[in-house]
Every structure is written in C-alpha cells, then in structure tokens.
Number of protein chains: 2
Amino acid sequence: MEGKSISQAMLRRLPLYLNVLRSRPASQPTISATALAAELGMGEVLVRKDLALICGKGRPRIGYSVQDLTAAITTFLRYDAIDEAVIVGAGKLGRALLAFDGYNEFGLNVHAAFDTLVNEAETTPGGKQVLPMSELEAYCVSHNIGIGVLAVPASAAQQACDRMVACGISAVMNFAPVHLNVPEGIVVQNENFAAALALLSKMPRSSRPAHETR
Amino acid sequence: MEGKSISQAMLRRLPLYLNVLRSRPASQPTISATALAAELGMGEVLVRKDLALICGKGRPRIGYSVQDLTAAITTFLRYDAIDEAVIVGAGKLGRALLAFDGYNEFGLNVHAAFDTLVNEAETTPGGKQVLPMSELEAYCVSHNIGIGVLAVPASAAQQACDRMVACGISAVMNFAPVHLNVPEGIVVQNENFAAALALLSKMPRSSRPAHETR
DNA sequence: ATTTTATCGATATATCTTTATCGAATAAGC
DNA sequence: GCTTATTCGATAAAGATATATCGATAAAAT
C-alpha cells in the first residue's frame with residue numbers, strides 16, 4: 001500500500017509554494033523551509049512535512065534547491081502536462097472565466113465555452129469561441145477534453161454536469177452553488193463565491209489575530 | 001469563555017444549506033437534517049451539529065422549519081446587512097468580477113473597480129465605474145467601504161492591500177496567489193484558482209469513491 | 001580544528017473536523 | 001390508545017490536520 005498520505009490541505013498549499021519559488025531571484029539558488037514558511041505566514045514544520053513528501057532531502061543550514069523544488073512541485077501537480085478544458089455556461093461568469101488568461105500557468109488549456117442560448121458560434125474579443133451547447137459532445141471527443149468548468153445557474157447545473165460526464169470529462173470545477181451527483185471516479189471541485197463571502201462577512205474582525213484562510 | 005466553536009469549515013457549509021432551503025417549494029414548510037444531508041451529499045450528523053449552533057431545536061420526525069432556518073442562517077451570515085465593497089485591480093479578472101451580478105444575493109454591494117492604469121473614470125457595459133487608483137481613498141471614506149476585493153497581479157498585491165487597509169477596509173478577498181501581511185483585526189480570504197485547479201489535476205480519478213471538496 | 005548556528009527530519013502532542021452510536025422524543029399508522 | 005418509524009440531540013470514537021520538541025547534520029565563524 002501507499003505509505004504516504006496525500007493530504008487535501010497539502011495539495012492546496014503546493015501552488016502557494018510554487019508561487020513563492022517562481023518569484024525568487026535567480027541569485028538565490030536555494031531556499032529554506034523557514035523562509036518559505038515566513039513568506040506564507042505559516043509554521044515551518046508544516047512546510048517541511050509537505051516538502052518531505054514530494055521532493056528529495058534538504059540540506060541543513062542551506063535548505064532546498066529552488067530549481068529542484070520547482071520541478072518537483074510542477075511535475076507532482078502535473079502543471080507540465082496540459083489538461084484540455086471547456087467551460088459550460090456562457091453567462092457573465094462563464095464569459096469572465098473564458099476571458100481570464102492565466103490558465104496555462106498551471107497546465108490548463110481552456111478551449112471554448114458552450115451555452116444553450118447560443119445558436120451559432122461567436123468569437124469573443126479574447127479570441128475564444130462560444131459555441132452552441134449542441135456541439136458539446138462532438139467537440140469534447142475530438143479535442144480530448146478532460147476537464148469541465150461548470151458556470152451555469154444552479155437549476156441547470158446537475159443536467160449540464162451529467163452531459164459533461166457523458167462526454168468523457170473526468171473532472172468538474174463547479175461554480176454553481178449546488179451539490180453535484182457524479183459517478184464514481186469523477187472529481188468535483190467546488191468554487192463557491194458565496195461560501196468565500198460568508199467567511200468574509202462573518203469572521204471575527206478584531207478580537208483575534210488576523211488570520212488567513214486557504 | 002465562548003462555549004460554542006464557530007468552525008471555519010462550517011461557515012463554508014452554511015451558504016450551501018441556505019441554497020437548498022431557498023430552492024424548496026413553499027408547500028414543504030419543514031425539512032429534516034437527513035434530507036439536507038442527502039441533497040448535499042454529506043453526513044446527516046454533521047448537518048445537525050451545524051444547525052444546532054445557529055438555530056433553535058428541530059422537532060423529531062419533522063425536522064426544522066424552512067422559514068426559521070433560512071432566517072437564522074441569513075442573519076448569522078449577515079446576508080441581510082449589506083456590506084459595501086470595491087474591487088482593486090481592473091484587469092481581466094477585476095473587470096470580470098465587476099461584471100458579475102449576483103453579489104447582492106449574499107449581502108454584498110460591489111460599487112466600483114480601481115486601477116492604476118486608468119486615468120479617468122470609465123463606465124462598464126454593466127453600468128459600474130472603473131476609477132483611477134488615486135481616487136480610492138476618498139471613495140472608500142465617503143462610501144463607507146468595508147470590504148476590498150483584490151484582483152491585481154501578485155507583484156502589486158501587498159502594496160495594494162496596504163493601501164486598502166489604510167482606507168479603512170477591514171476584510172480583503174484576495175485573488176492574487178500570494179500571502180498578504182495585514183495588521184491585527186483585518187480578515188483575509190484567499191480565493192485561489194491555482195489551488196483549486198491543483199486539486200482537480202491531482203486528485204485520484206478512479207480508485208476512490210468520487211469525492212467532493214469544499 | 002573546534003565551536004557556533006541555522007536548518008533538517010522524525011516523533012510525539014495538541015487541535016480541529018468528521019463519523020459512528022445510542023437513547024429519547026414525537027408524529028403517523030394501526 | 002398502542003405500536004412503529006423517523007428524526008433529533010448528545011456523547012464517544014475516529015480521522016485528519018497542525019504544532020511543539022528534540023537530536024542530528026553540515027555550513028559558517030572563530
């Protein structure tokens with residue numbers, strides 16, 4: 001069996017590490033867990049524990065090689081292997097997501113958006129296409145789409161999700177604030193603005209030390 | 001001491017409950033924790049524990065009053081009390097966030113966006129303004145802005161954050177993938193696409209039961 | 001060469017979060 | 001009215017996650 005435990009929480013931290021590493025000047029070829037922890041405002045022991053699971057040993061008094069560490073995290077997260085993706089739902093949110101231009105940084109290639117209200121192909125100012133929903137199946141199959149970004153209203157989410165799954169999509173990023181029922185083996189990642197804002201409004205503002213989440 | 005523990009994780013679930021409640025037909029005046037749990041794909045004990053902390057007791061064999069529960073969650077999350085907000089950073093992401101139109105549903109009023117690259121006020125198709133960064137201070141003070149949405153590049157994030165804090169903002173929703181240092185009493189909520197995608201790419205696709213996060 | 005100091009890695013502990021179990025309560029059916 | 005099924009609420013157990021402690025290591029300073 002796998003002795004290593006791949007913690008959910010740790011997976012969320014890896015991109016943060018990667019970002020710090022990328023922002024380091026080339027003049028500093030190594031970085032310590034202590035420095036990483038300080039920059040991210042977290043405990044240094046936790047950083048070491050995370051790094052221990054994905055890369056070789058660090059050197060006392062020196063730390064880790066920035067280059068090696070970057071490579072290790074990148075491959076671990078498969079940021080080097082491109083995943084093909086589409087957006088389903090071309091309302092305001094869907095189009096905003098389509099216009100966003102930084103996906104390739106973390107190994108995602110967002111092709112196009114699909115919407116039931118669109119009858120013939122449009123091209124956005126950003127140069128990407130918005131296509132009728134009826135073309136989803138053919139497109140996904142021919143372009144080997146593996147990831148679907150779901151940006152439809154809550155009422156249409158489950159149906160749209162089913163359709164994506166039927167097209168061979170194996171991971172869904174869900175922006176609709178509903179629970180999606182999916183077959184075994186399909187991953188759902190919820191990205192919920194409402195939830196995030198709930199925390200903002202409700203978190204204690206003063207009494208406690210300012211604390212950062214995620 | 002506060003006997004109740006206000007769990008981070010629970011705060012993220014409350015909006016989900018609220019959404020289920022809102023989608024219920026008026027013909028069903030009550031709902032059981034079991035039903036809520038089933039709809040959200042989670043354990044029913046957890047739902048009961050959450051509800052126990054924010055509302056009155058449920059009735060055996062019946063459940064909770066949909067109306068009372070909705071009211072309890074709404075007030076608990078302060079969705080009834082409007083928070084005034086601005087967006088800092090009017091690049092693609094910032095403008096997309098400005099165009100998004102569902103904020104009022106959860107008690108947020110997004111006024112305008114600010115950007116250093118903008119020299120005179122623009123008005124977006126959605127009817128909201130994009131203003132020069134130099135006007136941030138005056139605007140925040142005169143409109144009593146309490147929440148700032150940070151949508152600038154990573155390199156400018158800390159500086160922009162400092163400026164927001166100086167304007168009296170007490171909560172920051174951070175879309176930049178960096179750690180923000182803030183004074184005591186300021187809340188930071190990170191919303192990180194990269195982290196979300198990391199999970200999507202890396203999560204085991206088949207072996208395990210499909211599992212939903214957040 | 002020796003001491004000092006920053007850092008690592010491992011083990012143990014604490015904290016937070018979720019799930020499991022059980023008796024009590026109460027509406028519905030008989 | 002009595003039984004039955006469903007649901008609640010509380011306690012206990014399990015699991016996941018983060019922190020604290022400590023000896024070992026190796027670069028830097030003396």
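A polar contact here is a pair of N or O atoms within 3.5 Å; within protein, one atom must be able to donate a hydrogen and the other to accept it. With that rule in hand, turn to the meeting of the two protein chains. The model is predicted. Across the interface of chain A and chain B, 4 residue pairs are in polar contact, both partners having pLDDT 80 or more. Salt bridges between chain A and chain B number 0.

Now take the interface as a whole. On chain A, 68 residues are in contact with chain B, and 68 residues of chain B take part in turn. Together the two chains bury about 6,600 Å². Carbon and sulfur atoms hold 61% of that area.

Which elements of chain A give two or more residues to the side that touches chain B? Five are helices or strands with these bounds: α1 (8-22), α2 (33-40), α5 (92-99), β8 (171-174) and β9 (187-190), and they are joined by α8 (193-202) and β10 (212-213). The largest share comes from α8(A), with 10 residues. By residue type, this side of chain A divides into 41 nonpolar, 14 polar and 13 charged.

Step back to chain A itself. Its domain assignment gives two parts: domain 1 covers 8-76, and domain 2 covers 83-196. The centres of domain 1 and domain 2 of chain A, taken over C-alpha atoms, are 32 Å apart.

Next comes the DNA. DNA strand C is surrounded by 22 residues. The closest are Ala33(A), Arg48(A), Gly58(A), Arg61(A) and Tyr64(A). Which parts of the strand come within 4 Å of the protein? Sugar and phosphate account for 65% of those atoms of DNA strand C.

Three residues of chain A show how phosphate oxygens of DNA strand C are met. Ala33(A) uses its backbone: a polar backbone atom is 2.7 Å from a phosphate oxygen. Arg48(A) uses its side chain, where an N or O atom is 2.7 Å from a phosphate oxygen. Tyr64(A) also uses its side chain, with a polar atom 2.7 Å from a phosphate oxygen.

Both protein chains supply elements to the surface near DNA strand C. Those giving two or more residues are α2 of chain A, along with α1 (8-22) and α3 (44-54) of chain B. The residues of this surface divide into 8 nonpolar, 6 polar and 8 charged. Note that α2 of chain A also gives two or more residues to the side that touches chain B.

Methods:
Residues numbered from 1 in each chain as written. Chains lettered and ligands numbered in written order. Predicted model: local features only at pLDDT ≥ 70, side-chain atom pairs only at ≥ 80, totals over all residues. Heavy atoms only, no water. Contact = heavy atoms within 4.5 Å. Buried area = accessible area lost by both parts, 1.4 Å probe. Salt bridge = Lys/Arg side-chain N within 4 Å of Asp/Glu carboxyl O. Helix = DSSP H or I, 4+ residues; strand = E, 2+ residues; numbered from the N terminus. Nonpolar A, V, L, I, M, F, W, Y, C, P; charged D, E, K, R; others polar. Domains from an automatic or database assignment. Near = heavy atom within 4 Å.
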